[in-house]
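Here's a quick briefing for anyone opening this structure for the first time. Have a look at it, and then we'll walk through it topic by topic.

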Amino acid sequence: MSGDIADIAAGFDIGTTTSCAAIWKNEKVEIIPDHQTGSRTIPSYVSFTDEEKLVGEPAKNQSTMNPKNTVYDAKRLIGRKFDDASVLSDNKLWSFKVTGDSNNKPQINVTYKNEEKKFHPEQISAMVIQRLKETTESYIGHELKKVVITVPAYFNDSQRQATKDAGVIAGLEVLRIINEPTAAAIAYGLDKHDTDKEINIIVFDCGGGTHDVSVLTLDGGIFEVKATGGDTHLGGSDIDNIIVDYLCDDIKKKHKIDVKKNARALKRLNIAAEKAKKIYLQVQQHQLKWIPFLME
């Protein structure tokens, strides 16, 4: 953090389920804690009510009470067509309504301040970016004008442009759209590798919405993505959906109640499934820590 304030840029990672902001400080990448919650990530949620718009943790916290007007997974819509097979499939799981506009672009339908509103995915992403912008400005003590935004390596030109548009809508100059595996390699300082030889790097990225594997080469300080692959529906939220599907079937079998027809109940079940998964993982990790001691 030195030089002209106008030249200082932040890095934003806009994830399917969570997002975060970072800056280069003290010769390392530093993740910026949210200026309201203190968390280093915020849920990629936007919720609309009769009085206000909520972004991040406040939006997710009241999503069970306002499921039809709480938007998430915008990254799965950005830069896509409404009739895309993945969009049509995901649309069956979302608690909010998605329709197509005259150009076959998906648009999210909500009620905001007692009025029917329609937003494109990049507008929703812009609201998340705006929240990260405010957090960054609170941290650095001045206005943020420039940003670098990460995207999956497999994003096509339409998805990359829509992500850039989201940054512009949020009032920022987007210096660059960078591949997520490249960003990860830089964050770990692999670009400082002291060798003249070309090296190969494999990056595993298991996120909230996707599970990706990328092969990069580093030669002369320059990264090149050689290959990337993965599953766009093998993230943490997809595991939550599998748990929810199981619970819905079990409830229907035992109590003759179809939870999937009640958006509010379905979202409550989804939040509960996510919490149960995290608690289970924490217990498993705690037990694993004791294994070496027990084996002595």
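What volume does the second largest cavity have? It comes to about 40 Å³. Keep in mind that this is a predicted model, so every value below is computed from predicted coordinates.

**The chain as a whole**

- The protein chain has seven helices and 15 strands to find your way around.
- Picture a box of roughly 65 × 60 × 35 Å along the principal axes: that's what the C-alpha atoms of the protein chain fill.
- For 296 residues, a compact globule would come out with a radius of gyration near 19 Å, and the 21 Å of the protein chain agrees with that.

**The sheet β8-β9-β10 and its helix**

- Three strands, in the order β8-β9-β10, make up an open sheet with antiparallel pairing.
- At the edges you'll find β8 (97-100) and β10 (115-119), and each of them pairs on one side only.
- Going from one strand to the next, this sheet twists by 35° on average.
- Five bridges hold the antiparallel pair of β9 (residues 106-112) and β10.
- To spot this pairing on screen, go to N109, which stands opposite K118 in β10.
- Helix α3 (residues 121-140) packs on this sheet, where it touches β9 and β10. The direction of α3 makes about 95° with that of β10.

**The sheet β13-β14-β15**

- Here's another open sheet of three strands, ordered β13-β14-β15, again with antiparallel pairing.
- Both β13 (199-206) and β15 (222-231) have a single partner strand, so each edge strand has one side without a neighbour in the sheet.
- The twist in this sheet averages 20° from one strand to the next.
- β14 (residues 211-219) runs antiparallel to β15, and nine bridges join the two.
- One place to see that pairing is H211, whose bridge partner in β15 is D231.

**The largest cavity**

- The structure holds two cavities of 30 Å³ or more, and the largest has a volume of about 120 Å³.
- There are 14 residues lining the largest cavity, and I14, G15, A74, K75 and S125 are the closest to its centre.
- Three elements give two or more residues to this lining: α3, β11 (146-151) and α4 (157-169).
- Helix α3 provides the largest share of that lining, with three residues.
- As for character, the lining of the largest cavity splits into seven nonpolar residues, six polar and one charged.

**The second largest cavity**

- Back to the cavity from the opening question, with its volume of about 40 Å³. Its lining includes S19, C20 and A21, along with I32, P33 and D34.
- Also among the residues that line the second largest cavity are S39, R40, T41 and I42, plus L132 and T135.
- Which elements each supply at least two residues of this lining? They are β2 (18-25) and α3.
- Strand β2 gives the most to the lining of the second largest cavity, with three residues.
- That lining divides into six nonpolar residues, four polar and two charged.

**Where α3 turns up**

- If you want one element to follow through the model, try α3: it packs on the sheet against β9 and β10, gives three residues to the lining of the largest cavity, and supplies at least two residues to the lining of the second largest cavity.

Terms used
Residues numbered from 1 in each chain as written. Predicted model: local features only at pLDDT ≥ 70, side-chain atom pairs only at ≥ 80, totals over all residues. Heavy atoms only, no water. Pairing = 2+ DSSP bridges. Helix = DSSP H or I, 4+ residues; strand = E, 2+ residues; numbered from the N terminus. Axes fitted to C-alpha atoms, helices over the stretch in contact; angles between N-to-C directions. Contact = heavy atoms within 4.5 Å. 1 Å grid on protein atoms, 1.4 Å probe; cavity = no way out; pocket = protein on both sides within 12 Å on 5 of 7 lines; lining within 4 Å. Points joined across faces, edges and corners; volume = space filled by probe spheres on them. Nonpolar A, V, L, I, M, F, W, Y, C, P; charged D, E, K, R; others polar. Rg over C-alpha atoms; globule rule 2.2 N^0.38 Å.
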